[in-house]
Amino acid sequence: MTSERHFVIVGGGLAAAKLAEALRASDFEGQVTLLGAEDHLPYERPPLSKDHLFGKKDLADFVAVPGEWYRDHRIDVRLGTAVRAIDRAAKTVTLPDDSTLTYDKLALATGSAPRRLDLPGADGANVYQLRTIEDSDAILGLLSGTAKIGRLAIVGAGWIGLEVAAAARSAGVEVTVVESAELPLLGALGPEMGEFFAQLHRDNGVDLRLGAELAGIDADGIRLGDGTAIAADAVLVAIGATPAVELARAAGLDVDNGVLVDAGLRTSDPDIVAVGDIAAQDHPRLHRRIRVEHWANALNQPAVAAATMLGKPAEYDRLPYFFTDQYDVGMEYTGYTAPGEYERVVVRGDQAGREFVAFWLDAQDRVLAGMNVNVWDVTDRIKELISSGAPVDPERLADTALDL
Ligand SMILES: Cc1cc2nc3c(=O)[nH]c(=O)nc-3n(C[C@H](O)[C@H](O)[C@H](O)COP(=O)(O)OP(=O)(O)OC[C@H]3O[C@@H](n4cnc5c(N)ncnc54)[C@H](O)[C@@H]3O)c2cc1C
């Protein structure tokens, strides 16, 4: 009699949960163990900076997969279990109590961790970050109830900083956002749409300090390099995240701003895959290596990783997609480009009225990415425009009288 094959998933976020689900959906009947460092079942993080901060949703509303499912599908979930090491030769992982588990196939889904500020005062009791439900609960406590604060300073005008700014303003808290770049979201969207988000926040009463150098944090708030003091009762540091690659690196896997994986999400060890925020993938459609820190990636990559673990050919070729909600703006972004890589941005619709689609075009007028703001059900059309690789007529693209 052959013993059951054992697939081990290291990580306790959306990607880990969806991988367990995908393995069972692929009729894998062997043993599956999910080892997660947090004390909660895997949950989705987008509500942590949105609905949860508005008191509209609680953890039970956004668990990735209901608890019964793991039980019903014989997934051995071990929470509060931060894996300490991987021994690729012995094919084992080391648990916190020094015991080991043997695997046949291993999946890494360790996600990312908030980038830390290396400045005086950065570890103060008034300094917050946002990655986990505990972090979100703490920030919710600042925005509501008896401990509600009057003034919040946010370091970093990225997605999380801006979403918390919106939640705080909605709660009537005074907000200052300090950003070293000349515009919010500059690296993600470029100056044209960075300016759109800057205006959105100014219109909602945020004191936006751009091109600002941070000198330090103290109990009274933050200090800028030019000597300006910004008074705040609490400080949120939201300066991005770094992929949790320590285990992979220590195990000798190829790592460079993420765990390097091929189109099928296989690492440099054929028995190990990586999914979600940590996976720096050789993307078959974009013909480049990208690492995507977004919900849709953690949701959809696991089906491909599961196939790879089961020895079936599969490639992850979806275009990056993400979304945000801030004030009265809901937006989705599909595709991939970066400042310096696109030629121009074409706006279709009413940008001032915050109902439009922006398209990023290359020098040959091919669509690289599209962002719909308060316009819905166009993601598939945007994907088609990008995937076709055909040049568009920018004037016709901008003309709302013509069907997209
Ligand atoms: C506040 C917030 C808001 C967001 N909003 C959006 C949004 O609006 N739209 C969007 O597209 N994306 C959003 N994201 C990004 C999205 O949530 C991430 O891309 C997604 O969570 C990635 O999932 P993951 O499973 O790869 O990693 P993670 O969610 O980071 O999960 C990794 C898990 O692995 C665990 N772990 C780490 N090391 C070990 C170890 N050694 N052993 C065991 N477990 C380990 C961690 O504790 C963690 O639980 C948001 C993220 C945050 C933090």
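Okay, a definition before anything else: two strands pair if DSSP finds at least two bridges between them. Keep that in mind, and keep in mind that what's on the screen is a predicted model.

Let's start with strand 2, residues 31-35. It pairs with strand 3 in the parallel sense, and there are four bridges in that pairing. If you want one to look at, take Leu-34, whose bridge partner in strand 3 is Val-77. How does the chain get from strand 2 to strand 3? It goes through helix 2, residues 67-72, and this β-α-β crossover is right-handed.

Stay on strand 3 for a second, residues 75-78. Ile-75 and Val-77 make up its covered face, while Asp-76 and Arg-78 sit on the uncovered one. As a general point, side chains in a regular strand alternate between the two faces of the sheet.

Now zoom out to the domains. We've got domain 1, which is 6-113 + 241-309, then domain 2 at 116-237, and domain 3 at 328-398. The centres of domain 1 and domain 2 are 30 Å apart, taken over C-alpha atoms. Where those two touch, twelve residues of domain 1 are in contact with 14 of domain 2. On the domain 1 side, that's six nonpolar, four polar and two charged residues.

On to the ligand. Which residues come nearest? Gly-13, Ala-15, Arg-45, Gly-111 and Gly-276, out of 36 around the ligand. By class, the shell has 20 nonpolar, eleven polar and five charged residues. Domain 1 and domain 2 each put in at least three residues, and helix 1 (14-25), helix 8 and strand 22 (321-326) each supply at least two.

Since helix 8 came up: Asn-300 is in that helix, residues 295-309. Buried or exposed, what is Asn-300? Partly exposed, because it has 16 C-beta neighbours inside 10 Å, and the buried label needs 20 or more. Asn-300 also lies 9.3 Å from Val-275, C-alpha to C-alpha, with the two 25 residues apart in sequence.

Last stop, strand 22 again. It runs antiparallel to strand 23, residues 329-335, with six bridges joining them; Thr-324, for instance, has Met-331 as its bridge partner in strand 23. The two strands form a hairpin with two residues between them, and Tyr-327 in the turn has a positive phi of about 55°. Strand 23 is also joined to strand 26, residues 367-373, by five bridges, again antiparallel. There, Gly-335 has Ala-369 in strand 26 as its bridge partner.

That's my tour, thanks.

Notes: Residues numbered from 1 in each chain as written. Predicted model: local features only at pLDDT ≥ 70, side-chain atom pairs only at ≥ 80, totals over all residues. Buried ≥ 20, exposed ≤ 12 C-beta atoms within 10 Å, placed from the backbone. Right-handed = clockwise from strand over helix to strand, strands pointing away. Domains from an automatic or database assignment. Contact = placed C-beta atoms within 7 Å. Nonpolar A, V, L, I, M, F, W, Y, C, P; charged D, E, K, R; others polar. Near = placed C-beta within 6 Å.
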